[in-house]
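Welcome, and thanks for taking a look at this one with us. Below is a short tour, grouped by topic, to keep beside you as you turn the structure around.

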Amino acid sequence: MRESRRADRRRHGGLLVYLILLLSLQAFLLVVALEGVAAHDPALARNAAILSIVLLTSSWGLWWFVRHD
Amino acid sequence: MTTTDGPQNGTGSAPDLPCLGCGDDSELPLWRDEFPITSSGEEHIARRDFTRYLLTASGVFAAGTVGAAAWADLQRSNLGEPRPIVDLAEVPESSEYLFRYPTEEDPAILVHLQGGELRAYSQRCTHLGCVVFFQPDRDRLFCPCHDGVFDPSNGDAVAGPPERPLTRIDIDVRDGVVWAKGVDEE
């Protein structure tokens, strides 16, 4: 029982660290997209947006999986 | 901020309170089910809640990124209408003429090359958007912000941090007047 709780806590801790890293990456991608606007480079902004959405979706999926596991 | 584990944040050990509504002393009072958070636990944020906040913040950033991408696409959608720019006689060879195209917020440059050819480009550097200038003595378009260099004959980036060519503007000479016909998409 105690081992199970410890594993659960470790898993949530890992998810927490991952989400903090994700948030940093999302902030970076926002800066990249704004740079695309400033430099009149729609492709750069578009690629940043696609990567941002993919990251968000996968993170939400992981969060949902961990929560319902 | 303090994080705690598990959904029953702040419950901790139940204080010794009279059980109003339970028959057995060993059971928790019924009100505990509906009000599980003690006053001391109100300041605590569960780890699960914190992950939810992080996901929400990520969603906000992602929405901002998508908005910026849409903004960049909208900027590109205005390719301009044909309109006269300047009399050709006012732009001698090895000189430039600055104008605004396709809107009054878009600086552009007309370059009259040696040999008589005319070229027009957006004046915005493709690195970070500074304006570029023509240097006839060195036959180049120069961005002073980060020393970017472009070839005035085709707009290609030849030195410095820019990697993409300048945005080209199609031009034409009609009855001695230089016309801008639209922004070249490629």
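Over the ring of which residue does the charged end of B:R174 sit? The ring belongs to B:W179, and the charged end of B:R174 lies 4.6 Å from its centre. Please keep in mind that this is a predicted model. The notes below start from that arginine and go on to the salt bridges, the cysteines and two sheets of chain B.

**Around B:R174**

- Besides sitting over the ring of B:W179, B:R174 forms a salt bridge with B:D172, with 3.5 Å between the closest N and O atoms.
- B:R174 has a relative accessible area of 33%, so this arginine is partly exposed.
- Its salt-bridge partner B:D172 counts as partly exposed because its relative accessibility is 30%.
- As for pairs between aromatic rings, the count over all chains is 0.

**Other salt bridges**

- Over all chains, the structure has 5 salt bridges, and two more of them are described here.
- One of these joins the side chains of B:R164 and A:D41, at 3.3 Å from N to O.
- This pair crosses between chains: B:R164 lies in the loop between β10 and β11 (169–174) of chain B, and A:D41 lies in the loop between α1 (2–38) and α2 (42–68) of chain A.
- Are the two partners buried or partly exposed? B:R164 is partly exposed, with a relative accessible area of 27%, whereas A:D41 counts as buried at 13%.
- Within chain B, B:D106 forms a salt bridge with B:R124, and their closest N and O atoms are 3.1 Å apart.
- That pair links distant parts of the chain, 18 residues apart: B:D106 is in the loop between β4 (95–100) and β5 (107–112), and B:R124 is in the loop between β6 and β7, both loops belonging to chain B.
- B:D106 has a relative accessibility of 15%, so this aspartate counts as buried.

**Cysteines of chain B**

- How many disulfides does the structure hold over all chains? There is 1, formed by B:C130 and B:C145, whose sulfur atoms are 2.1 Å apart.
- This disulfide links distant parts of the chain, 15 residues apart: B:C130 is in the loop between β6 (118–122) and β7 (133–135) of chain B, and B:C145 is in the loop between β8 (140–143) and β9 (148–150) of chain B.
- The disulfide is left-handed because the torsion about the S-S bond of B:C130 and B:C145 is about -100 degrees.
- B:C130 counts as buried at 19% relative accessibility, just under the 20% cut-off, while B:C145 is partly exposed at 42%.
- Why is there no bond between B:C125 and B:C143? The sulfur of B:C125 has its closest cysteine sulfur in B:C143, 3.8 Å away, which is too far for a bond; a disulfide needs the two sulfur atoms within 2.5 Å.
- Both of these cysteines are buried: B:C125 has 2% relative accessibility, and B:C143 has a relative accessible area of 2%.

**The four-stranded sheet**

- In chain B, 4 strands form an open sheet in the order β7-β8-β9-β10, with antiparallel pairing.
- The edges are taken by β7 and β10 (157–159) of chain B; each has a single partner strand, so one side of each is left without a neighbour in the sheet.
- Neighbouring strands of this sheet are turned by 40 degrees against each other on average, direction ignored.
- Where β9(B) meets β10(B), 2 bridges join the antiparallel strands, and B:F150 stands opposite B:A157 of β10(B).

**The three-stranded sheet**

- Another open sheet of chain B has 3 strands, in the order β3-β12-β11, again with antiparallel pairing.
- Here β3 (83–87) and β11 of chain B are the edge strands, each pairing on one side only.
- The twist from one strand to the next averages 35 degrees.
- Between β11(B) and β12 (residues 177–183) of chain B there are 6 bridges, and these two strands run antiparallel.
- In this pairing, B:I171 stands opposite B:A180 of β12(B).

Note on methods. Residues are numbered from 1 along each chain as its sequence is written. Chains are lettered from A and ligands numbered from 1 in the order in which they are written. This is a predicted model: local features need pLDDT of at least 70, side-chain atom pairs count only at pLDDT 80 or more; totals for chains, interfaces and linings use all residues. Side-chain values use heavy atoms; hydrogens and water are left out. Buried means under 20% relative accessible area, exposed over 50%, partly exposed in between (1.4 Å probe, protein chains only). Two strands pair if DSSP finds at least two bridges between them. Axes are lines fitted to C-alpha atoms, for helices over the stretch in contact, and angles run from 0 to 180 degrees between N-to-C directions. Rings of Phe, Tyr and Trp (its six-membered ring) pair if their centres lie within 6.5 Å; planes under 30 degrees apart count as stacked, over 60 as edge-to-face and the rest as tilted. A charge sits over a ring if NZ of Lys or CZ of Arg is within 6 Å of the ring centre and within 35 degrees of the ring normal. A salt bridge is a side-chain nitrogen of Lys or Arg within 4 Å of a carboxyl oxygen of Asp or Glu.
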